[in-house]
Amino acid sequence: MNKPVYPFREIGIGHYPMGNTPVSPEDSKRLPSLMNLNQAAASSKLVYVHIPFCDSICPFCPYPKAFNEQGARKDYLAALFRELEMYGMTPQIRNCSVEALYIGGGTPSVLDEEEITALFEQLQATLPMHNIEEITFEGNPASFTAAKLKLLQALGVNRISLGVQTFNDELGRRLGLLQTGEDSLRAIQDSREAGIANVSLDLMYNLPGQTMQEWLEDLAKVVELDIGHVTLFPLKIIPGFGLAKRIASGELPACGGLELEQQMYIEACRYLESQGYSVESTYDFVRPGGHHVYSRKHFDDYLDLLSVGLGAFGDVGGYAYQNVKLLPEYVKKITSGDLPIALGYEVKAEDLPNQFLAMGLRRTAIDRQQFRRKFGVFPEEHFPELFDKFVKEGLVEIREDTIALTRFHGLFWGNNVCKEFCEEQIKMAFPK
């Protein structure tokens, strides 16, 4: 590999703009106005529900989480249901149409059947879900059971997302995973037998001591199982986390360098495309029928995203926000009658060209003509210095109708390209 364009690979941009300003007690009382919750105009929305509980805290996971304990789950769900009610009673949410729902975490599959039923009853009672196209339920193969999957299918779930990470049990032990390869195979089979054919998998690569052959074996298992959608994440070693400490102490072998990570990514692209998958984003590969409605409507259509639960990111009525990240604080805010928002940002018209490119290029390409129709100029005219840099570095290709990340150089560095369109004060809100 030649000298890297960037010193490290960024994580993907999931939301833009993001809440980046602490919400004061005074602003907290103004949130319904800032979010235009009292406006009754009908609109389409996406909904994200965060379930933070995990049976084991993975030593590499940066997401808001809490150890699975029945009393904590009870208190959290009571607060979560109240947050849903607070939104559901507003004119904007009552008059919207929820088009896709994603229940993520954490590990939603640790909920028991009674809790799952109560959660869906609350969602149906508080949100207009009559036109919903897709409901995704995320979880760990070790905590999904055949009975839970049958219940989820009966409740309307039509997509399961499994955090497999690897089918290789030795690599899984190094990561501290609960599940084995056998657990993952069982969860996939149980999902299909329950009538949920759309199963998506997460895999991680450049794991401690992982070889290219081991990586290709994981990919071959995805193809063998006829998985419609697979998301590939490079492992991020976060300083201070347990995995970083075990590697530093010599207890675990080190991960490969950036050159191996790039080779693994390119080999994955080539192999999966040879097996009928297409590159849908900087992370995602799909076969026909495996497309993710929630992602498409979020990244391509920029639908409002009503997010509830611990640490959840949302964007409603022109206001981007993030909920508080600590469980006691979340419960306390809800109990006091406040929306549990910690950070906020009023989206401005000048943010929208940046949003179009920051989120759009994560999907590998943007419609150049559509950008001109929306904003009056072509992208490379609006951001001449950036696009001049990208073209010189071989990161993007400008065509008549599209601007696309190049294969495979631009795809590999795609998240870095996307982040270049973030305004500085918002850029700082993204983790490294």
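Start by selecting strand β9 and strand β11 (residues 284-286): the two run antiparallel and are joined by 3 bridges. Two strands count as paired if DSSP finds at least two bridges between them. Helices and strands are DSSP runs numbered from the N terminus, a helix being H or I with at least four residues and a strand being E with at least two. Within this pair, H229 stands opposite V286 in β11.

This is a predicted model, in which local features need pLDDT of at least 70 and side-chain atom pairs count only at pLDDT 80 or more, while totals for chains, interfaces and linings use all residues. Residues are numbered from 1 along each chain as its sequence is written, and side-chain values use heavy atoms, with hydrogens and water left out.

**Around β9**

Keep β9 (residues 229-234) selected and look at its surroundings. The strand is largely enclosed by the rest of the structure, because 5 of its 6 residues are buried. Buried means under 20% relative accessible area, exposed means over 50%, and partly exposed lies in between (1.4 Å probe, protein chains only).

Now add strand β8 (residues 199-205), which pairs with β9 in the parallel sense over 6 bridges. Here L203 stands opposite L232 in β9. Add helix α8 (residues 212-224) as well: β8, α8 and β9 make a right-handed β-α-β unit. Right-handed here means that, with the strands pointing away from the viewer, the path from the first strand over the helix to the second runs clockwise.

**Two helices side by side**

Next select helix α4 (residues 113-126) and helix α5 (residues 146-154), whose axes come within 10 Å and cross at roughly 15 degrees. That makes α4 roughly parallel to α5, a term for angles under 35 degrees (over 145 is roughly antiparallel, 65 to 115 roughly perpendicular, and the rest oblique). Axes are lines fitted to C-alpha atoms, for helices over the stretch in contact, and angles run from 0 to 180 degrees between N-to-C directions.

To see where they meet, show E113, I116, T117 and F120 in α4 with A147, K148, L151 and L152 in α5. Contact means heavy atoms within 4.5 Å.

**D75 and a covered helix**

Select D75, in helix α2 (residues 70-88). D75 is partly exposed, with a relative accessible area of 47%. Its C-alpha atom is separated by 7.4 Å from that of V331, 256 residues apart along the chain.

Then move to helix α13 (residues 352-360), which is mostly covered, with 8 of its 9 residues buried. The buried residues include P353, F356, L357 and M359.

**The β16-β18-β17 sheet**

Select the 3 strands that form an open sheet in the order β16-β18-β17, with antiparallel pairing. β16 (365-367) and β17 (396-398) stand at the edges, each with a single partner strand, so one side of each has no neighbour in the sheet. From one strand to the next, the twist averages 15 degrees.

β17 is joined to strand β18 (residues 402-405) by 3 bridges, and V396 stands opposite L405 in β18. Helix α16 (residues 384-392) lies across β17 and β18, running at about 110 degrees to β17.

**Last stop: E393**

Finish at E393, in the loop between α16 and β17. Which residues is E393 in contact with, leaving aside its neighbours within four places in sequence? They are V5 and H409. E393 is partly exposed, with a relative accessible area of 39%. The C-alpha atoms of E393 and A66 are separated by 42 Å, and the two residues are 327 residues apart along the chain.
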